[in-house]
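Please open the model in a viewer and keep the sequence panel visible. The tour proceeds by selection, each stop stating what is to be found there.

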Amino acid sequence: MEARKSTAKYWLLFFVWLVALIVLLIFWRQFFWLALPGVCLYFALAMDIM
């Protein structure tokens with residue numbers, strides 16, 4: 001069996017990117033897309049999909 005790795009770091013980075021995404025969505029809508037890859041990437045890593 002594989003040992004499960006800790007995903008706490010990825011959850012923290014996901015929430016940091018999520019806050020950045022929300023701030024960009026509220027204040028600078030044209031830059032919303034810049035934070036979207038970070039949110040998707042760290043969510044996938046936190047859920048241990050990748």
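The stops below concern a helix, its aromatic contacts and a residue with an unusual backbone angle.

The model is predicted, so local features require pLDDT of at least 70 and side-chain atom pairs count only at pLDDT 80 or more, while totals for chains, interfaces and linings use all residues. Residues are numbered from 1 along each chain as its sequence is written, and side-chain values use heavy atoms, with hydrogens and water left out.

**First stop: helix 1**

Select residues 8–27, the 20 residues of helix 1. Helices are DSSP runs of H or I with at least four residues, numbered from the N terminus. The expected span is 1.5 Å times one less than the number of residues; for helix 1 this gives 28 Å, and the end C-alpha atoms are 29 Å apart, which agrees.

Next, colour Tyr10, Phe14, Leu21 and Leu24, which are buried in helix 1. They lie on the same side of helix 1, because they cover an arc of only 90° around the axis, the arc being that of the directions from the helix axis to the C-beta atoms. Buried means under 20% relative accessible area, exposed over 50%, and partly exposed in between, with a 1.4 Å probe and protein chains only.

Which residues does the opposite face carry? Turned away from the buried side of helix 1 are the exposed residues Lys9, Leu12, Val19, Ile26 and Phe27. Now add residues 32–46: helix 2 is included in what covers the buried residues of helix 1, where contact means heavy atoms within 4.5 Å.

**Second stop: the aromatic rings**

Show the rings of Phe, Tyr and Trp (its six-membered ring), which pair if their centres lie within 6.5 Å; planes under 30 degrees apart count as stacked, over 60 as edge-to-face and the rest as tilted. The count by this rule is eight aromatic pairs. One of them is the tilted pair of Phe14 and Phe43, at 5.4 Å centre to centre and 50° between the planes. This pair joins distant parts of the chain, with Phe14 in helix 1 and Phe43 in helix 2, 29 residues apart.

Phe14 is buried at 10% relative accessibility, whereas Phe43 is partly exposed at 35%. Extend the selection to Trp11 and Phe15: ring pairs link Trp11, Phe14, Phe15 and Phe43 into a cluster.

**Third stop: Asp48**

Finally, select Asp48 in the segment after helix 2. Most residues other than glycine have a negative phi. Asp48, although not a glycine, has a positive phi of about 60°. Asp48 is partly exposed, at 32% relative accessibility. Beyond residues up to four places away in sequence, Asp48 touches Arg4 and Lys5.

Terms used: Helix = DSSP H or I, 4+ residues; strand = E, 2+ residues; numbered from the N terminus.
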